[in-house]
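Open the model in your viewer and keep the selection tool at hand. We will go from stop to stop, and at each one I will say what to select and what is there.

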Amino acid sequence: MTRGAETLCSPLPMRITMVKKRLASGETCRKCAQAEELLRSRGLWDRIDEVVWADEADPASPGNELGARFGVSLAPFFIVRDDGQSPIVYESVLKLIQERLASPPTRLESPDAVDVETVARELGDRHPSEILRWGLERWGKALGIAFSGAEDVVVVHMASEMGFPLSVFCLDTGRLHPETYRFIDAVRRRYKVEIDLMAPDAPKLESFVKRKGLFSFYDDGHGECCGVRKVEPLQRALGKLRAWATGQRRDQSPSTRSAIAVVERDSTFSGISGAPLVKLNPLASWTSGQVWQYIRENGVPFNSLHERGFISIGCEPCTRATLPGEHERAGRWWWEEATKRECGLHS
Ligand code: SF4
C-alpha cells in the first residue's frame with residue numbers, strides 16, 4: 001500500500017482515488033471533510049477506492065506528488081481510472097457525483113403507485129431538500145424541475161447539491177425581462193445544467209398575435225395569452241415526465257395557494273403517454289423570509305430584478321415592482337381581481 005493511503009473496497013472496475021489535504025496541524029482540510037461528508041450522505045463513500053493524503057508539511061507526500069503529476073494544486077480532487085482509459089481528474093465532488101457516480105433510479109416508480117396523501121403527510125414538515133430527494137430518488141431525470149427565473153432557483157440549487165443528474169425546464173414565453181433571460185443563463189452556467197427552454201408553438205402564437213396583437217391581456221385578461229405562451233408549452237414539457245417540482249409556496253397567495261401540499265397528484269396535466277403526474281412543491285411550507293435566508297446563507301444566485309423591488313417575477317408586461325407592505329402577488333396582473341392571478345400552470 002502507498003504511504004499515507006488507506007484502501008477501501010469497491011466492486012467496480014472503475015477505480016477512484018481521492019486526494020485529501022492534511023494541514024500542518026494534523027487536521028483534515030475543511031473542504032476535504034465536506035466532500036467526504038457529502039459522499040457519505042449520498043451512500044457513495046464506498047465508491048472511493050483509495051484515499052491519498054497531501055500533507056501540507058511534506059511536499060513529497062503521495063497526494064502532493066499526484067497533484068504535481070496531474071497539475072492540480074488544490075485538494076480535494078479525485079482521479080478516476082477506467083480500464084484502458086487515461087485517468088480523468090475531477091476537482092469538484094459534485095461534478096464527480098453527477099458525471100460518474102449518480103445512477104439513474106432503479107425503480108422509476110409509477111406515479112399511480114404513489115399514495116400521495118400519505119407521502120404528503122409524512123413529508124409535510126421535512127426540509128425542502130428531503131422532499132426533493134424523495135422525488136429524485138424515485139424518478140431521477142424523469143422528474144423535471146420547473147424554473148421560472150425567480151427565487152425558485154433554490155430548488156435547482158438544492159437538487160444540484162445532492163448530485164443527482166438534473167432535468168430543468170423553463171417556460172420561455174418570449175416576454176420575459178432581459179434580466180430574467182440573463183439570470184436563466186447564469187443559472188445554466190453556475191450549475192452546469194442544461195435548461196430546456198420551452199417556447200410557444202410558433203403557428204399558434206403567430207395566429208394569436210395576428211388576431212389580438214401583443215397586449216390583448218390588458219383588455220380581456222391574461223388567460224388566452226398565458227394559454228398560448230405558458231400552458232401549452234408546459235403540457236409539452238410535462239408530457240416527457242413522470243413528476244415535476246415547482247417553487248410554489250403557500251405564502252405566495254392567500255387566495256390561491258394557501259392549501260398546496262408538498263406532494264400531490266397533478267389534477268390538471270398529464271405525463272408520459274397521458275399517464276398521471278406527481279407534483280412536488282418542496283417549498284410549500286417555507287415563507288419568503290426562509291427562502292431569502294437560504295439564498296443568502298448558501299450563496300445562491302438571484303435575479304437582479306429582486307434588487308429593484310420585484311418580488312414575484314413573470315413576464316415583463318404583466319409584472320411590476322411592489323410597494324412596501326404590498327403582497328407579492330400584487331405585482332402580477334394588477335389590473336385583474338386577486339383571485340384570478342394565476343396563469344393556469346397550477347390550477
Ligand atoms: S404573463 Fe402576460 S405576457 Fe406572459 S403569457 Fe401571461 S398574459 Fe402573456
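Select helix 3 (residues 93–101) and then what lies over it: the cover of its buried residues includes helix 1 (30–41), strand 4 and strand 5 (88–90). The residues of helix 3 that are buried are Val93, Leu96, Ile97, Gln98 and Leu101. Buried here means 20 or more other C-beta atoms within 10 Å of a residue's own, exposed means 12 or fewer, and partly exposed is in between, with C-beta atoms placed from the backbone. Helices (H or I, at least four residues) and strands (E, at least two) are DSSP runs, numbered from the N terminus.

Before the next stop, a word on the model. It is predicted, and local features need pLDDT of at least 70, side-chain atom pairs count only at pLDDT 80 or more, while totals for chains, interfaces and linings use all residues. Residues are numbered from 1 along each chain as its sequence is written.

Now zoom out to the whole chain. You should find 11 helices and 11 strands, with the C-alpha atoms filling a box of roughly 75 × 45 × 40 Å along the principal axes. Of the 347 residues, 38% are buried. Among contacts with a separation of 6 or more, 70% are between residues 24 or more positions apart; a contact is a pair of residues whose C-beta atoms, placed from the backbone, lie within 7 Å.

Next, stay with strand 4 (77–81) and step back into the loop that joins helix 2 (62–70) to it, where Pro76 sits. The peptide bond from Ala75 to Pro76 is cis, with omega near 5°.

Move on to helix 6. Its buried residues are Val153, Val154, Val155, Val156, Met158 and Ala159. Which elements cover them? Colour helix 5, strand 6 (143–146), strand 7 (168–171), helix 7 (178–191), strand 9 (243–245) and helix 11, which are included in the cover. Just past helix 6, pick Gly163, whose phi is positive, near 80°.

Keep helix 6 (residues 153–161) on screen with helix 5 (residues 128–139): the two pack at an angle of about 65°, with axes 10 Å apart. Axes are lines fitted to C-alpha atoms, for helices over the stretch in contact, and angles run from 0 to 180 degrees between N-to-C directions. The crossing of helix 5 and helix 6 is right-handed; a crossing is right-handed if the near helix is turned clockwise from the far one by less than a right angle, and left-handed if anticlockwise. Select Pro128, Ser129, Leu132 and Leu136 of helix 5 with Val155, Met158 and Ala159 of helix 6 to see the contact. By class these residues are 6 nonpolar, 1 polar and no charged, where Ala, Val, Leu, Ile, Met, Phe, Trp, Tyr, Cys and Pro count as nonpolar, Asp, Glu, Lys and Arg as charged, and the others, Gly among them, as polar.

A second helix pair comes next. Helix 8 (residues 202–212) and helix 10 (residues 223–238) pack at about 165°, their axes 10 Å apart. That makes helix 8 roughly antiparallel to helix 10, a label for angles over 145 degrees. Their crossing is left-handed. Lys204, Leu205 and Phe208 in helix 8 meet Glu224, Val228 and Glu232 in helix 10, and the residues of this contact are 3 nonpolar, no polar and 3 charged.

From helix 10, turn to the ligand. Which residues are closest to the ligand? They are His222, Cys225, Cys226, Cys315 and Cys318, out of 13 that surround the ligand, each with its C-beta atom, placed from the backbone, within 6 Å. Helix 10 gives the largest share of this shell, 4 residues. The shell has 7 nonpolar, 3 polar and 3 charged residues.

Two last picks share a backbone feature. Ser273 has phi near 50°, positive in a residue other than glycine, and lies in the loop between strand 10 (263–265) and strand 11 (278–280). Trp333 also has a positive phi, near 40°, and sits in the segment after helix 11 (288–297). Buried or exposed? Ser273 counts as exposed because it has 6 C-beta neighbours inside 10 Å, and Trp333 counts as buried because it has 24.

Technical notes:
Angles under 35 degrees count as roughly parallel, over 145 as roughly antiparallel, 65 to 115 as roughly perpendicular and the rest as oblique. Two residues are in contact if their C-beta atoms, placed from the backbone, lie within 7 Å.
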